[in-house]
Amino acid sequence: MTTSIVLEDVTKTFKLRYHRTIKQVSFAKMRGQETSSVFKAVDEVSFKVEQGEAIGLMGLNGSGKSTLLKMISGVMKPDAGQVLTRGRIAGLIATGAGFHPQLTGRENLYLNAAILGMSERETNRKFDEIVEFAGLGHRLDTQVGHYSSGQNARLGFAIAVHVDSDIFLADEALAVGDKPFKRKCLAKMREIRESGRTIFYVSHAAGQVRRMCDRVIVLQDGRLAFDGGVEEGIHFLHYDGDDEEELADEETGDDI
Amino acid sequence: MERPAVAAEPVAVAAHRDLSGVPLTPPTAGNGLHAVFKKRYLLKLLVKRELSARYQGSFLGLLWSYIGPLCQFFVYWFVIGTILGLHDNVPNFGVHIFCGLVVVHFFTETFGAGTRSIVRNKSIVVKLPMPREMFPVASMLVSLFHVFPQLVILTIACLAYGWTPDFVGMVALLLGLLIAMLLGTAGALLFSAANVFFRDFSSLVSIIQMFIRFSVPMIYPFSFVDDRFGAAASYYLFNPLADCVLLVQRAFWVGSTPHPDEVAKTDLPPDLLIWGLAMTGAGLVLLAIGQLVFSRLEAKIPERL
Ligand SMILES: Nc1ncnc2c1ncn2[C@@H]1O[C@H](COP(=O)(O)OP(=O)(O)O)[C@@H](O)[C@H]1O
Ligand SMILES: [Mg+2]
């Protein structure tokens, strides 16, 4: 087996600034107030992921899941420790893909695909497939700034799943999609998993994680609180009592 | 990092490829200026995007890239040339101004648009991994794109004055543009990153641009500097943009005047090409510094946007 992702004591520190201008800062300093504070959004997290594993990343809001995925994808750099990955990475981090609001869906599609490492030929070849998956129709030639958050996520997800990646990151990607789209995405992700790619899936829905993942990692205030089996992880979070909701949404698993 | 090229992409993702030959690397490895030129297709898309977005929502669009320098040209031509009377002192003063304007406008546009480039592409920078140097470099290439029509106009005007292109002149032109390119990219790199932390930098840029317009022999000839400063005039040449302007004037303006040899003696410094080469070296050093500072700041860019 090949190792896909290695994290060694990865830490990300954010500085919270309470004041923006020189006037505000100097007033606060004169009054003896604090002008900034630091906190660790991700705190000495270490783990190793083998190629082909499907990880459910769970934790409360603000526990550092998106920050962790940003460091794995290379958007952010850890302040301490190191992240190592093998192969191409694609995915959707935090809701909404990195689209330029002033460009049309089509232009954004090409740009986004190029950033994720697709060549022009590859994009041209997959273009129809991506557009069909996103199901945006004539909206494709209007500004992305005017898309609803659901449409934005649809296009972002459609591009990300069509990249030939070795690691796929999905961060609450399906939170804003409608039910038919969610179903389509989950099917696609299962296909990705079966193809032997590594998956990182952030979800608050125990049902989805059960169906999709074979390992759960739980973050708590930026620290690794749990790393192990799916059932134990869900139990650890006390999410296993939510069965009533899940019965209501058997197919897609309830999200958010 | 070298992402492996996929030989034959499977239509439906079949059995996954063997990755054991691919090294484990940090996902941010291999960012930097050299990566920018490896990802030429992405760079091309960004340049295209920037071309369409720089004046988005404006009726005249791309024309603004030419209206700006054109208006500056006529203001200088009239105020400095006619009112202050430099038409009498400097032969072909219009060409003299225009040579300076081509370089100065190229540099200031690169510097200005480059400085704003990362903040303007915020939505992409905070979500997607890529060498962020791409944005300032794309700004530089867009500005370079606008240089060529201006050079065509300049060529036509000079030909009308009986100018013939010469080899040394063309070398001077290339050197001048190269220095402006290096400096513009270095400045754009430094300021685009700094602008993320304090937007004050984009305001600072317009002040610097104003100084630049007056610190080069564009609206006055180099002979004035020589007259007023005497031996100190050589310090003036430590301003790399002054050398750029002089190099372009060597390429076009000198040859368009009635007595090129005399003009070259009074209005160009001796050893201009040596200065040009030295400033190219200085430009490379500045670019390296710019890249170094950029990489340092880059680690904090996505979280501060
Ligand atoms: N750019 C930033 N600057 C300061 N704080 C941030 C920034 N991004 C995220 N945070 C903080 O870091 C913590 C973790 O955020 P995040 O990783 O988005 O959590 P999650 O995805 O688990 O909900 C939160 O408290 C959030 O407010
Ligand atoms: Mg999140």
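Let me start with a term: a polar contact is a pair of N or O atoms within 3.5 Å, where, within protein, one must be able to donate a hydrogen and the other to accept it, and residues adjacent in sequence count only if both atoms are side-chain atoms. Now, a word on the source: this is a predicted model, in which local features need pLDDT of at least 70 and side-chain atom pairs count only at pLDDT 80 or more, while totals for chains, interfaces and linings use all residues. Residues are numbered from 1 along each chain as its sequence is written, chains are lettered from A in the order in which they are written, and side-chain values use heavy atoms, with hydrogens and water left out.

First, one residue in chain A. The side chains of E53(A) and R215(A) share a polar contact of 3.1 Å. E53(A) is buried, at 18% relative accessible area (buried means under 20%, with a 1.4 Å probe and protein chains only). Leaving aside neighbours within four places in sequence, E53(A) also has contacts (heavy atoms within 4.5 Å) with residues including K48(A), R197(A) and D214(A).

On to the two chains together. Chain A brings 55 residues to the contact, and chain B brings 42 residues. Between them they bury about 4300 Å², 56% of it on carbon and sulfur atoms; buried area here is the accessible area (1.4 Å probe) that two parts lose on being put together, summed over both.

How many salt bridges are there between chain A and chain B? The count is three, taking a side-chain nitrogen of Lys or Arg within 4 Å of a carboxyl oxygen of Asp or Glu. One salt bridge joins K300(B) to D79(A), at 3.4 Å, N to O.

Technical notes: Buried means under 20% relative accessible area, exposed over 50%, partly exposed in between (1.4 Å probe, protein chains only).
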